[in-house]
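I opened my notebook for a fresh look at this protein. Here is what I looked up, entry by entry.

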Amino acid sequence: MTVASGGVPGNLRLIGSEMLVWSDDEPQQQRTPAGGAVLVELLTELVRPGGRAFVAGLHDDAVLSVLEAESMQVTCLLRSYPDAAKAAKAHPGVEVLCGDLTKVDSAEPFDLVLVGGGVERLSSADGPQLSWQERAELVAGLVGVGGTLALVHENLLGIHRLAALTPPRGTRTDADWTPSDGFDATRPASARELAATVAGFGLEPSTTVLAFPHPQRPTALVPLDLAVDPQLKVHLQAVVTTAFDQAFDGQTMLMDPRPLASGAMRAEAGSALASAWLVVATREGQQTLTPRALVSDERTAPWPIRYELMHLDGWNRRVLGPRALVTRNVLVRDPQALDGPVPDGVPLLDHLIALGMHRDVPGLQMALAQFAAWASTRADANGRVSGADVLILPSELLVVDDTFVRWDPSWSTELTVPVEVAVARSLRYFATVLIGAGYSHPWPQLDSVDELTRVLGGLAGYDWGGDDVLRQAVDLQAKLTGAELGLTDAEIAELRVKLTGLDQGITAPGAESVQDLRAAVERLRAELDHEKATNKWNEKLLLGREKALRKAEGRVELLSGTFTARMGKLGLALARRVLDVARRVLRRNGEEQEEA
């Protein structure tokens, strides 16, 4: 198959081994352009105004746009002709090469070489099948003196692969025309090995960055040295956990990636389990990047924001991009509220889970009573809370000394509710996590979220014997979730029904994992076994009582046939007859006296 010369854009050049009908932009086949807000933000530090840039592989339009905005002469290599034609039309000032990496002329080196999707995407099915090192060496050869290479490299032991439901070897698409890269001995298997390999190409690695949660589109970029900073550890746990929560929400996974991500950051194992590594290296020079972590909150519009973590007289957050306040329905977000020092403390949810797993009922009572008392101090004279004080889920709070601090203060709401309802929503969320995630706690016999919530409410000092407060808590959760996700009234009503019927068969909020589903099945099986045992005991008791009743009936029937029993019945009948006659006589005498 050939392409008519008249149909090729003027800035598109076919260099050989082009894939004419195949595309790297097919989400259904797990192929998407590399990019994302944090990668674009990092790229702003690497641009060379007026210099030459080489972008290898399919990237977001925003990546090419930021290079064009700095007046760089951009050359883009794509193996797919449909992708190349689309890029050429969208960016007339960019020279687009379509074909295999081996066909690129390296006579004119570049000031910046970007490989955001890995070198695996640079080989055509019609070209030579090179090893990872051979492809990476060709890319490194394009970097000129004083130039910079930014290379993203997927970690085959990353959390995104460990938690995936289908093993990588079982996911074969039309992009997998070569064996898995896991069998390529030249492929670096760690961040340290990646830096050493790049150094072997004559480049000087300056920075290695950990990428979460997707290799192609990370939403958190954390420099390797910052990932082990003890002052940032708690906050980075929350950042990485939130990144995986947003990326895999609603998907079916082998295991919940959030505890694994949080544990990796806490154990300083982020480098070993990162989804990808991004290495920045230069040739005969030094590219110094600002020591900062980049975070992008990838919720549905209009909520996305991005910010950086920097050390300015202590660790601080600073919002990047738009700062205008945004609202939808009852939910409000003010990006500027994130600016300032990073809060330090212990996540309230982790603290409560630890107390529950240790069966520390007095400790739980103290913690929940302290939480309820703190929430009451936020209420007005009528016992109602509003704004940010409504959003007090345990997952959103840090325990700092004797008080609580919200780790993301940008969220607020236009709702005003009784403080008791806000607390009930928080404790109901905690109960959902305890049951859904399979954490052990002191009340395993309780078979529903509402029952456990009532017990937790009792420890906090509330009496929720009725359903009114819990029903209001469910309504509040449905409204807030609907505002966040942009649900219709019908979808909110459906969500409200779903939240009302939570029992032992639920899983933890977020991604549905096979492990959590299995635990839910085991809980339902245990509940069924308990009901079977109860029914068996009731049947045995009923049979015993039925046997005793039959024995008594037989004895009565036996005794009713004796001479004594028959004489007793006759005497009783005569007595009743005499009593009736006496009543009639007395009635007649009374009537005669009245006539006289």
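**Entry 1: a loop arginine.** A note to myself before anything else: this is a predicted model. I began with arginine 187, which sits in the loop between helix H5 (159–162) and helix H6 (191–199). Is arginine 187 buried or exposed? I found it buried, because its relative accessibility is 7% and the cut-off for buried is under 20%. I then looked for a polar partner, and the side chain of arginine 187 has one in the side chain of histidine 153, at 3.3 Å.

**Entry 2: the whole chain.** Next I stepped back from single residues. I noted 17 helices and 23 strands in the protein chain. What is the radius of gyration of the protein chain? I wrote down 36 Å, whereas a compact globule of 596 residues would come near 25 Å. The box filled by the C-alpha atoms, taken along the principal axes, is roughly 145 × 60 × 45 Å.

I also looked up burial and contacts. Of the 596 residues, 46% are buried. Among contacts with a separation of 6 or more, 71% are between residues 24 or more positions apart.

For the surface, I noted about 29100 Å² exposed by the protein chain, with 54% of that supplied by carbon and sulfur atoms. On charges, I have 58 positive and 78 negative, and their mean positions lie 11 Å apart.

**Entry 3: asparagine 155.** Back to single residues. Asparagine 155 is in the loop between strand E6 (143–154) and H5. I put it down as buried because its relative accessible area is 2%, under the 20% cut-off. Which residues does asparagine 155 contact, leaving aside neighbours within four places in sequence? My list reads His160, Arg161, Ser271, Ala272, Leu273, Ala274, Ser275, Ala276 and Trp277. I also checked asparagine 155 against leucine 210: they are 55 residues apart in sequence, and their C-alpha atoms are 9.9 Å apart in space.

**Entry 4: phenylalanine 244 and a cis bond.** Phenylalanine 244 belongs to helix H7 (residues 233–248). With 1% relative accessibility, phenylalanine 244 counts as buried. Not counting residues up to four places away in sequence, phenylalanine 244 touches Ile159, His160, Phe212, Pro213, Pro257, Ala261 and Ser275. I spotted His160 and Ser275 among the contacts of asparagine 155 too. Between phenylalanine 244 and serine 296, which are 52 residues apart along the chain, I noted a C-alpha separation of 12 Å.

Two of those touched residues, Phe212 and Pro213, sent me to the backbone. Is the peptide bond from phenylalanine 212 to proline 213 cis or trans? I found it cis, with omega near -10 degrees. I jotted a reminder that most peptide bonds are trans. Proline 213 is in the loop between strand E7 (204–212) and strand E8 (220–223).

**Entry 5: two aspartates with positive phi.** Another reminder for the margin: most residues other than glycine have a negative phi. Aspartate 313 has phi near 55 degrees, a positive value. I located aspartate 313 in the loop between strand E12 (305–311) and strand E13 (315–320). Aspartate 313 is exposed, with a relative accessible area of 82%.

Aspartate 401 also has a positive phi, of about 55 degrees. I located aspartate 401 in the loop between strand E19 (397–400) and strand E20 (403–406). I wrote it down as exposed because its relative accessibility is 69%, and exposed means over 50%.

**Entry 6: two more loop aspartates.** Where is aspartate 60? I found it in the loop between strand E2 (52–56) and helix H2 (61–69). Aspartate 60 is buried at a relative accessible area of 16%. Its side chain is joined to the side chain of arginine 217 by a polar contact of 2.7 Å. Beyond residues up to four places away in sequence, aspartate 60 touches Pro33, Ala34, Gly35, Gly36 and Arg217.

Last came aspartate 360, in the loop between helix H10 (348–357) and helix H11 (361–377). I noted it as partly exposed, at 28% relative accessibility. Aspartate 360 and tyrosine 462 are 102 residues apart in sequence, and I have 19 Å from C-alpha to C-alpha.

Methods. Residues are numbered from 1 along each chain as its sequence is written. This is a predicted model: local features need pLDDT of at least 70, side-chain atom pairs count only at pLDDT 80 or more; totals for chains, interfaces and linings use all residues. Side-chain values use heavy atoms; hydrogens and water are left out. Helices (H or I, at least four residues) and strands (E, at least two) are DSSP runs, numbered from the N terminus. Buried means under 20% relative accessible area, exposed over 50%, partly exposed in between (1.4 Å probe, protein chains only). A polar contact is a pair of N or O atoms within 3.5 Å; within protein, one must be able to donate a hydrogen and the other to accept it, and residues adjacent in sequence count only if both atoms are side-chain atoms. The radius of gyration is taken over C-alpha atoms; the globule rule is 2.2 Å times the number of residues to the power 0.38. Contact means heavy atoms within 4.5 Å. Accessible areas come from the Shrake-Rupley method with a 1.4 Å probe; for residues, only the protein chains shown count as cover. Lys and Arg count as positive and Asp and Glu as negative; His and the chain ends are not counted. The place of a charge is taken as NZ of Lys, CZ of Arg, CG of Asp or CD of Glu.
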